Amino acid sequence: MMLTRIVFVGLICCCLVSPVKACGPGRGYGRRRHPRKLTPLGYKQYIPNVAEKTLGASGRYEGKITRNSERFKELTPNYNPDIIFKDEENTGADRLMTQRCKDKLNSLAISVMNQWPGVKLRVTEGWDEDGHHSEESLHYEGRAVDITTSDRDRSKYGMLARLAVEAGFDWVYYESKAHIHCSVKAENSVAAKSGGCFPASARVSLENGSTKAVKDLRAGDRVLAADSEGRLFYTDFIMFLDRSREATKVFHVIETRQPRRKLPLTAAHLLFAGPRRRNPGQPQFRAIFASNVKPGHLVYVPDGNGQRLRAATVQKVYLEEMEGAYAPLTDQGTLVVNQVLASCYAVIEDHALAHWAFLPVRMSYAAKSLFSLSDPFAANSTVQEDGVHWYSNALYQIGRWVLDEASIHPLGMTLDSS
C-alpha cells in the first residue's frame, strides 16, 4: 500500500504541474502505463454479475430492428480493418451495430493487438436480421456481438473476455467455449449514464438548521458530515466532482427501517455500510460500493440528539430512475444525505485513499478561502460546468494504472456519457 501511494502521489504531481498536457490528448506527462495484471474470466462467468437485460447491465430489450424499420438508422457499419467480420450470411449484417457498440468494439480491437501481437479481434455474430438468436436477443438491436480471436485459440478467450470488460462493454459473458458474448446499453438508455452521484432531489442539512437540495449547493455552504469516530459536525462544501443537471440516471435506493430513511445513489458511489456485528452501535467506517449493499446491512444515520451516528438496518435495495446527478465534495470527505452518512467518493473502493488523493483540492480551497473570496473557486470559473471535474477524471485514469482491479467498480466511470 505504501509503494502504491508513493507512485500515486508522483502521478498526481504530474497532473497538477501540467493539467492540460496530462489530461488532454496526446502523450503528455504521466502517460506511461504501469503494468497491471488482468484476470481472465472463467467459463460461464459474466460481468457485471447481474442479468444482461437489467438496468445494472445492458438494459431492457427495446424491440427488433429490421432494414425497413425507422430505427434502422440507429445502426452504423464498422469497417475497422483491425477487426475480422465472419459475415457468413454475406450481407454485411455483422458489421452493423449501434455507435456505442462500435466504439467499444474498436477499443477492444486495439487491446487485442497489444495483448497478442499479430492477432486480431474476430466478430462471429453482430446484428441479426434472420432470427437466429433467442427471443429478445440484443443482437436484434445491433447492441451485441459474439467475438473470438483471429487465431481461434480458445485458451485466449478468458483473457479476451477480460479485455472486453476493460474496453467498456456493459455486459460481458464467457458464454461458450467457442466465443465471448458482449453487449452494450441502448444509445438513449438512462442506464448508459453512470458515475458516482446523488439525484438532484437529494437533500443535505445546513448549519443554520435548514436543508438544501444537493443541486443548489454553493462553495462555502456548511453541510452536515461525520468523522471517523461517528461524531457529527458541519464542514465546507467545496465543489462538485461530477454534475449532470439534465441527466436521468439509474440509482440504487437504500431504504432503512427504524428510522425510515431512503438514500438514492449510483452503483459506484461509496456508502459506509456493512453486515451486522456484535456491537452495532459502534460505527463501522468501511465504505463499500452502493451496488454491494444488501438488505440486513447496517448504515449510519444521525441519532435523536444530532450529535452522533447510530446504526440503521437496510430493509430493501431497489433501482429507480431519477433526474439529475451530483457528486459533492466536502472538506471532510463525508456528508449526510437524506439523513444517511455517505462518502463523497466513488468508483475506487477505498475512501481513505480517495480522501488523501483529493488533498491538493482541499488545500487549494483553504488557500483561496484565506483571501475571503465569496466563492473560493471563482478564479477558475464563475459557474462550474457540467460533467466530471478534470481532477476527478485524472485520478480515475491514474487509479486504473496503479490500483488492483478489484478496487475499481466493474462499471467504472462512464465518462463519455456523464
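What percentage of the 418 residues of the chain count as buried? In this predicted model, 53% of the 418 residues count as buried, and the chain has seven helices and 20 strands. Among contacts between residues at least 6 apart in sequence, 65% join residues at least 24 apart. The points below take up an open sheet, the surroundings of Glu-52, the cysteines and a buried phenylalanine.

**The open sheet**

- Six strands form an open sheet with mixed pairing, and their order across the sheet is 1-7-8-6-5-3. The edges are formed by strand 1 and by strand 3, which covers residues 83-85, and each of these two strands pairs on one side only.
- At the edge formed by strand 1, this strand pairs with strand 7 (residues 171-176) in the antiparallel sense, over two bridges. In this part of the sheet, Tyr-46 stands opposite Tyr-173 of strand 7.
- At the other edge, strand 3 pairs with strand 5 in the parallel sense, over three bridges, and the bridge partner of Phe-85 in strand 5 is Val-123.
- Strand 5 also pairs with strand 6 (residues 144-149), here in the antiparallel sense and over four bridges, with Glu-125 standing opposite Asp-146 of strand 6.
- Why is strand 5 (residues 121-125) described as largely enclosed by the rest of the structure? Five of its five residues are buried, and therefore strand 5 is largely enclosed in this sense.
- As general background to these pairings, strands of a sheet pair through backbone hydrogen bonds, in either a parallel or an antiparallel sense.

**The surroundings of Glu-52**

- Glu-52 is found in the loop between strand 1 (46-47) and strand 2 (76-77).
- Although Glu-52 is buried, it has no salt bridge, and the nearest side chain of opposite charge, that of Lys-53, is 4.4 Å away, whereas a salt bridge would need a side-chain nitrogen of Lys or Arg within 4 Å of a carboxyl oxygen.
- Which side chains make polar contacts with the side chain of Glu-52? One polar contact, of 2.9 Å, joins the side chains of Glu-52 and His-181, and another, of 2.7 Å, joins the side chain of Glu-52 to that of Ser-183.
- When neighbours within four places in sequence are left aside, the residues in contact with Glu-52 are Ala-57, Ser-58, Gly-59, Leu-138, Trp-171, His-181 and Ser-183.

**Cysteines**

- How many disulfides does the structure hold? The structure holds zero disulfides.
- For Cys-101, the closest cysteine sulfur is that of Cys-182, and because the two sulfur atoms are 8.1 Å apart, they are too far from each other for a bond; the cut-off for a disulfide is a pair of cysteine sulfur atoms within 2.5 Å.
- Cys-101 is buried, with a relative accessible area of 0%, and Cys-344, at 2% relative accessibility, also counts as buried.

**Phe-198 and a contact across the sequence**

- Phe-198 lies in the loop between strand 8 (179-183) and strand 9 (203-205).
- Is Phe-198 buried or exposed? Because its relative accessibility is 0%, Phe-198 counts as buried.
- The C-alpha atom of Phe-198 is separated by 6.2 Å from that of Ala-327, although these two residues are 129 residues apart along the chain.

Note on methods:
Residues numbered from 1 in each chain as written. Predicted model: local features only at pLDDT ≥ 70, side-chain atom pairs only at ≥ 80, totals over all residues. Heavy atoms only, no water. Buried < 20%, exposed > 50% of the residue type's maximum accessible area, 1.4 Å probe, protein only. Lys, Arg positive; Asp, Glu negative; His and termini not counted. Polar contact = N/O pair within 3.5 Å; in protein donor to acceptor, adjacent residues only side chain to side chain. Contact = heavy atoms within 4.5 Å. Pairing = 2+ DSSP bridges.
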